[in-house]
Amino acid sequence: MTNKIKLTTSLQKAKETAVMQPSSCCSAGRAALTPTEAVTSDASALEQNQVDLPTLPDTASWPIIPEGIYILGTDDKEGFAADAEGPARPVKVSAFRMAPYAVTNAEYAAFVEATGYVTEAERFGWSYVFHLLIEDPQQQKIIGSPPQTPWWLGVEGASWRQPEGPDSSIEERLDHPVVHVSWNDASAYCTWAGVRLPTEIEWEAAARGGLERKRYPWGDVLRPGGEHYCNIWQGVFPTKNHASDGYLGTGPVNAFLPNGYGLYNISGNVWEWCSDWFTADPNKRGSSDEPQGPSQGASRLMKGGSYLCHQSYCNRYRVAARSSNTPDSSTGNIGFRVVAEV
């Protein structure tokens with residue numbers, strides 16, 4: 001009971017802080033609980049065990065995002081200036097293919113089976129789990145939580161295989177997006193599969209589905225006709241999720257309607273890593289010709305929002321919204337989607 005009272009008090013304080021700092025619910029960084037220099041990704045398994053399996057992605061069937069001039073960013077009043085969402089500007093993009101779905105648990109399992117790769121969450125021995133997804137916190141070994149985001153619990157044994165800790169499994173979630181993967185883990189998958197992470201402008205161009213300057217992949221209204229179009233938070237964050245969209249945590253990668261390019265869950269469900277380093281300086285987001293972001297940085301860009309995003313705290317399921325995390329960080333709401341050349 002004492003632990004529950006402490007957590008409730010911390011949540012209330014953090015909730016008040018989040019009103020002033022709306023980015024705080026997005027994800028949590030690994031360095032908040034442990035040093036990060038002791039563990040690095042090991043790519044040697046990829047070099048030793050590279051194999052050609054039928055489980056490699058069929059990129060030829062993926063939607064083509066046509067070459068064109070796209071708008072990067074927004075001048076929308078709902079945008080966060082501190083995130084450098086604006087000013088909106090036209091940017092040239094070459095044609096490319098994008099996977100219609102985020103990488104699934106089944107697909108990541110095929111990669112691990114083929115290469116023997118061990119994710120950073122497994123190497124560190126823990127990852128962040130959202131507090132409401134842990135049925136009995138007393139049964140898990142919790143190493144701590146970041147002071148500003150106590151709804152994120154560092155759980156020993158949490159990984160892509162066991163998303164909520166040792167008592168959980170992906171057995172019934174093979175068609176859900178893989179989570180607890182760092183940017184480094186996503187990049188390792190790309191090396192094996194012969195694909196890559198999208199740049200921010202590629203992700204944003206694809207997410208709009210052929211629409212221009214719209215807030216969401218389907219238009220400017222969050223729930224057209226009262227229908228849910230994405231998996232985000234409903235209720236009072238971070239203590240009560242009514243889950244009226246059908247999902248408390250992740251949902252299947254093909255849930256809800258696709259956008260105009262045939263891409264599913266481009267908003268909500270899980271954050272998706274991009275290749276860019278993150279910058280909060282609008283002048284360092286790259287040129288007007290296929291920008292790739294800064295040449296270096298401390299954190300990598302994420303797009304799309306997740307099942308934890310709520311308008312009052314993390315209104316980042318909008319197409320132009322952006323967030324970031326360190327390349328070695330992993331949480332239960334970060335996954336990735338990949339692209340390929342035409």
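Here is a friendly conversation about a predicted model of a protein.

Colleague: What pLDDT does the protein average?

Modeller: This is a predicted model, so confidence is a good place to start. Of the residues, 87% score at least 70. Across the protein, the average pLDDT is 88.

Colleague: Over which residues does the pLDDT stay under 50?

Modeller: Where pLDDT is low, the predicted coordinates should not be read in detail. One such stretch has 13 contacts beyond four places in sequence, and another has eleven contacts beyond near neighbours in sequence. These stretches are residues 36-41 and residues 47-54.

Colleague: Which element gives the most to the largest nonpolar core?

Modeller: That core holds 36 residues, and Tyr108, Phe111, Tyr189, Val195, Trp273, Phe336 and Val338 touch the most other members. At least two residues each come from α3 (105-115), α5 (183-193), β10 (271-277) and β13 (334-336). With seven residues, the element giving the most is α5.

Colleague: How many residues are in the second core?

Modeller: In soluble globular proteins, nonpolar side chains tend to be buried together. Here a second core, separate from the largest one, includes Tyr70, Met98, Ala207 and Val319. Its number of residues is 20.

Colleague: Are α3 and α5 roughly parallel or roughly perpendicular?

Modeller: Two packed helices are described by the angle between their axes and the distance between the axes. For α3 and α5, the axes lie 11 Å apart and the angle is about 70°. Angles of 65 to 115 degrees count as roughly perpendicular. Therefore α3 and α5 are roughly perpendicular.

Colleague: How many nonpolar residues are in the contact of α3 with α5?

Modeller: From α3 come Glu107, Tyr108, Ala110, Phe111, Ala114 and Thr115, which meet Asp185, Ala188, Tyr189 and Trp192 of α5. Two residues of this contact are charged and one is polar. The nonpolar residues number seven.

Colleague: Which residue with a positive phi follows α3?

Modeller: Within α3, the buried residues are Asn105, Tyr108, Ala110, Phe111, Val112, Ala114 and Thr115. After the helix comes a residue with a phi near 75°. That residue is Gly116.

Colleague: Is Pro177 buried or exposed?

Modeller: Pro177 sits in the loop between β7 (152-156) and α5. Beyond its neighbours within four places in sequence, Pro177 has contacts including Ala102, Asn105, Thr250 and Val270. Its C-alpha atom is 7.9 Å from that of Phe336, 159 residues apart along the chain. Because its relative accessibility is 2% and the cut-off is under 20%, Pro177 counts as buried.

Methods: Residues numbered from 1 in each chain as written. Predicted model: local features only at pLDDT ≥ 70, side-chain atom pairs only at ≥ 80, totals over all residues. Heavy atoms only, no water. pLDDT = per-residue confidence, 0-100. Contact = heavy atoms within 4.5 Å. Core = buried A, V, L, I, M, F, W, Y, C linked by side-chain atoms within 4.5 Å. Buried < 20%, exposed > 50% of the residue type's maximum accessible area, 1.4 Å probe, protein only. Helix = DSSP H or I, 4+ residues; strand = E, 2+ residues; numbered from the N terminus. Axes fitted to C-alpha atoms, helices over the stretch in contact; angles between N-to-C directions. Parallel < 35°, antiparallel > 145°, perpendicular 65-115°, else oblique. Nonpolar A, V, L, I, M, F, W, Y, C, P; charged D, E, K, R; others polar.
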